[in-house]
Amino acid sequence: MGLAKRIIPCLDVDKGRVVKGVNFVGIRDAGNPVEVAKRYNDQGADEITFLDITASHEDRGTTVEMVEEIAGQVFIPLTVGGGIRNCDNIRTMLNAGADKVSINTAAVTNPEFVREAAERFGSQCIVVAIDAKKVSGEGEPDRWEIFTHGGRKPTGLDAVEWAIKMVELGAGELLLTSMDRDGTKNGFDLGVTRAISDAVAVPVIASGGVGELQHLVDGIQQGHADAVLAASIFHFGTYSIPEAKKFMADQGIEMRL
Amino acid sequence: MDKGPARPDVVIIDYGMGNLHSAHKALEKVAAGQKTVGISSDPEVIRQAERVILPGVGAIRDCMAEMHATGLVPIIRESLANKPFLGICVGFQALMQSSEENGGIDCLGHFPGQVKFFGDNLQDQEGQRLKVPHMGWSQVSPVMTDHPVWKDLPAGERFYFVHSYYVEGQKEDQLLASCDYGPVRMHAALAEDNVAAVQFHPEKSAQAGLKLLENFLNWKP
């Protein structure tokens with residue numbers, strides 16, 4: 001016995017509400033972030049991720065207040081992402097009570113920011129979010145690239161090479177989302193999950209596509225992920241955290257029950 | 001940043017390293033109005049406190065440098081000698097003699113022993129690579145099972161860890177609890193007299209962590 005695999009419910013928050021879209025369109029309301037976070041904490045979630053997907057800068061002040069409120073009630077690790085572009089943004093979120101921040105677009109536009117952030121705040125609180133999409137065709141060797149802007153903008157960067165580079169720069173953890181799968185409920189892209197997880201020494205969180213509990217098991221057992229992230233299966237009551245943990249434990253995965 | 005009342009009963013020592021908000025919130029919750037909790041870098045506030053917490057995140061070099069630069073080492077040593085004291089994570093590692101991190105750093109030397117790197121190629125018994133940092137919920141085995149800080153916490157309880165370096169103490173009779181990560185048996189917690197220290201983050205370890213903090217607040221060494 002040793003380290004448990006983690007289940008991380010994710011709150012995508014837009015203008016102060018938890019939402020969930022299918023491939024980032026068709027957004028559905030899933031409640032107040034503080035109440036939702038508290039519910040997952042009480043159910044035994046291992047961590048919580050809060051992604052601010054609010055488009056406008058003006059509405060971001062709400063996020064800081066919500067993170068403060070969540071941090072006062074939730075005594076498990078809290079990761080905050082969305083709009084983290086400089087060290088001031090990181091300091092603001094850590095002071096509000098976040099334990100880790102997730103850097104996405106800013107890592108692509110300025111990779112040195114990851115190094116600066118890791119040196120200033122420590123790798124343990126720097127998560128780099130990687131949004132990958134499969135670009136290889138039928139019959140070609142598998143290849144995934146990094147996309148930004150919710151999966152719309154290709155960067156030409158190879159996802160596995162990018163992951164290795166991010167870890168070299170100081171990322172303490174990677175949050176890997178398959179943009180092909182996000183919102184589809186067809187399961188993780190196990191190929192890219194495994195390729196990246198096997199290529200780096202730091203923990204990898206698999207994200208994007210969970211529709212049933214077997215997908216969580218596959219992410220760990222076949223994708224070699226250290227943690228699995230899901231949103232809608234938990235938000236809309238399809239499954240509870242304890243049900244998911246029991247299902248995974250029954251298939252031989254070490255969990256915190 | 002000073003936070004809380006002017007003369008708190010419990011002081012989280014702020015020497016400029018990292019995130020004290022979580023520890024503050026968790027301690028306020030378990031103190032439940034019975035004790036006041038504050039964050040301070042003022043030696044006099046720390047001196048007046050009934051008990052203190054030494055937190056720490058990030059690299060040990062920066063932690064030790066900040067501790068010296070803020071002039072807090074003397075009051076930390078004084079507190080180690082005379083009141084209930086809890087070190088957390090790098091605040092635990094700082095109590096050892098030295099750390100391998102950052103090319104070798106001298107620490108406070110309160111406990112004999114070293115802080116060591118897990119290594120780049122850590123593997124479990126089946127040859128599977130283990131990720132470093134050791135991040136997540138691991139089972140902890142209490143050794144001093146009747147220690148007041150471990151009261152009502154069952155053997156094998158899980159706590160939240162995040163670290164790449166681990167403590168290897170030298171005196172078995174200071175071992176409060178151990179934790180295995182692959183082939184490494186680390187000292188998850190040490191205790192002697194009025195000082196206890198833990199590698200994991202009780203403030204992030206859900207009910208088990210809150211219980212440990214509550215036990216610390218009630219500890220009368």
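**View 1. Helix 1 of chain B lying across three strands.** In this predicted model, helix 1 of chain B crosses strand 1, strand 2 and strand 3 (51–54) of the chain. Against strand 2 of chain B, the helix runs at about 155°. Underneath that story sits a parallel pair: strand 1 (residues 10–13) and strand 2 of chain B are joined by four bridges. Look for Val10(B), which stands opposite Val37(B) in strand 2 of chain B.

**View 2. The open sheet of chain B.** Nine strands line up here in the order 2-1-3-4-13-12-11-8-9, with mixed pairing. Strand 2 (37–40) and strand 9 of chain B are the edges, each pairing on one side only. From one strand to the next, the twist averages 25°.

**View 3. Where chain B meets chain A.** On the chain B side, 29 residues are in contact with 40 residues of chain A. The two chains bury about 2,600 Å² between them, 55% of it on carbon and sulfur atoms. In chain B, the residues losing the most area to chain A are Lys131(B), Met135(B) and Trp137(B), together 26% of what that side buries.

**View 4. Polar links between chain B and chain A.** There are three salt bridges between the chains. Lys204(B) makes a salt bridge with Asp99(A), with the closest N and O atoms 2.8 Å apart. Across the interface, 19 residue pairs are in polar contact (both at pLDDT 80 or more). Elements giving two or more residues to the chain B side include helix 1 (21–31) and helix 6 (206–218), while strand 8 of chain B gives the most, with six residues. That side divides into eleven nonpolar, nine polar and nine charged residues.

Key:
Residues numbered from 1 in each chain as written. Chains lettered and ligands numbered in written order. Predicted model: local features only at pLDDT ≥ 70, side-chain atom pairs only at ≥ 80, totals over all residues. Heavy atoms only, no water. Contact = heavy atoms within 4.5 Å. Buried area = accessible area lost by both parts, 1.4 Å probe. Salt bridge = Lys/Arg side-chain N within 4 Å of Asp/Glu carboxyl O. Polar contact = N/O pair within 3.5 Å; in protein donor to acceptor, adjacent residues only side chain to side chain. Nonpolar A, V, L, I, M, F, W, Y, C, P; charged D, E, K, R; others polar. Pairing = 2+ DSSP bridges. Axes fitted to C-alpha atoms, helices over the stretch in contact; angles between N-to-C directions.
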